[in-house]
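Here's a quick tour of a protein chain, taken a few spots at a time. Have the model open and follow along.

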Amino acid sequence: MAEEAHRSPAAQISVTRNGEADKSHEEVFQRDLPHNISSGTIMSHSHNSNENYAMTEGVVQVGPFTGDLREQQMGGAVVLADDMKSPAIEKLELVRKWSINTYKCTKQILSEKLGRGSRTVDLELEAQIEVLRENKRKYEHVVKLAQTLCTQLAQMLQTQRQLGDAFADLSLKTPELHEEFGYNAETQKLLAKNGETLLGAINFFIASVKTLVDKTIEDTLINIKQYEAARIEYDAYRTDLEELNLGPRDANTLPKIELSQQQFQIHREKYEKMRNDVSVKLKFLEENKVKVLHNQLILFHNAIAAYFAGNQQQLEQTLKQFHIKLKLPGGETPSWLEEH
């Protein structure tokens, strides 16, 4: 009781409902502070007011009073609103979802390779995809052989031109064999000229088939890879849902089953969409492939046949039929064909 009687008014600061200092004690606080406290800390004990508020022990820096006490530290978790989330938190959420999806897909792939997991198979579509991949390998082999033929033909043409020049030179320097050397010189030059035309036709054939293989077919194979990835995701979430359905159903598992069902439905729709897109793309690719190869194979056959038959007129007519024009030879650079 004696200690209560001599307690300084500075320790009896009331706090209102809004957490502000009671201004009725402000003058007392400012008047008594210099006399009672020179330096150090103020230890505020429990003080029951009419509103049943209490102040806990804290440290107050000594100095002139600058205004109302408006800030209070309150315990408890800090909750961020949706609009206060930082980009870093959103990125972490994306990484978390990606990690879960990658884990499920990797697990599905390993299960299939080990023969423990089931996979969804469209037999008709899988057969078409396998045929396309096999045809792509065969077309690439044809292109490689045609390029080898072009290289060898170009070397032969170079030899024929040199041989024709040699015969022409001997025709001038050997009067008694002028006609014989002259005939051979003209023959070699004519063969070289027709060979240039044939070389251009073969190069046009190679360019067309390479475009079909490296662009048209490759673009379809990219869609097929996306379809296969969607199939793996679909099977992964299907397997996950089946495992949850086999387990117990209680308050803890029902939300997981419902979420898994939603994810399964999303990936099922994605898989079916990709499957339909690939089916349509394969159909258009087959039509385009038949049309392109039909024209190019006719070109290749007619050009080869006319060249070895020595039919220069037929060889030139073949190039006109497919709208191919020879470039004018420039210097020592061999002539090439250009499509218009």
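What follows looks at one buried arginine, one pocket and some aromatic rings. Keep in mind that this is a predicted model.

## A tucked-away arginine

Let's start with Arg231, which sits in helix α5, a helix covering residues 178-246. Is Arg231 buried or exposed? Its relative accessibility is 7%, so Arg231 counts as buried, because the cut-off for that is under 20%.

The side chain of Arg231 makes a polar contact of 2.7 Å with the side chain of Asp235. Leaving out residues up to four places away in sequence, Arg231 also touches Glu112, Arg119, Thr120 and Tyr271.

## The second largest pocket

This pocket holds about 400 Å³ of space. It's lined by 14 residues, and those closest to its centre are Ile100, Lys104, Tyr237, Leu259 and Gln263.

Which helix gives the largest share of the lining? That's α3, with seven residues. Helices α3 (87-113), α5 and α6 (253-309) each chip in at least two. By type, the lining splits into five nonpolar, four polar and five charged residues.

## Rings that pair up

The model has six aromatic pairs. In one of them, Phe205 and Phe300 have ring centres 4.9 Å apart and planes at 45 degrees, so the pair is tilted. Phe205 belongs to α5 and Phe300 to α6, so this pair ties together parts 95 residues apart in sequence. Phe205 is buried at 5% relative accessibility, while Phe300 is partly exposed at 26%.

There's also an aromatic cluster, formed by Tyr227, Tyr234, Phe264 and Tyr271. Tyr271 is a name you've met already: it touches Arg231.

Notes:
Residues are numbered from 1 along each chain as its sequence is written. This is a predicted model: local features need pLDDT of at least 70, side-chain atom pairs count only at pLDDT 80 or more; totals for chains, interfaces and linings use all residues. Side-chain values use heavy atoms; hydrogens and water are left out. Helices (H or I, at least four residues) and strands (E, at least two) are DSSP runs, numbered from the N terminus. Buried means under 20% relative accessible area, exposed over 50%, partly exposed in between (1.4 Å probe, protein chains only). A polar contact is a pair of N or O atoms within 3.5 Å; within protein, one must be able to donate a hydrogen and the other to accept it, and residues adjacent in sequence count only if both atoms are side-chain atoms. Contact means heavy atoms within 4.5 Å. On a 1 Å grid over the protein atoms alone, a cavity is a set of points where a 1.4 Å probe fits but cannot get out, and a pocket is an open set with protein on both sides within 12 Å along at least five of seven lines; lining residues have an atom within 4 Å of a point. Grid points are joined across faces, edges and corners, and a volume is the space filled by probe spheres set on the points. Ala, Val, Leu, Ile, Met, Phe, Trp, Tyr, Cys and Pro count as nonpolar, Asp, Glu, Lys and Arg as charged, and the others, Gly among them, as polar. Rings of Phe, Tyr and Trp (its six-membered ring) pair if their centres lie within 6.5 Å; planes under 30 degrees apart count as stacked, over 60 as edge-to-face and the rest as tilted.
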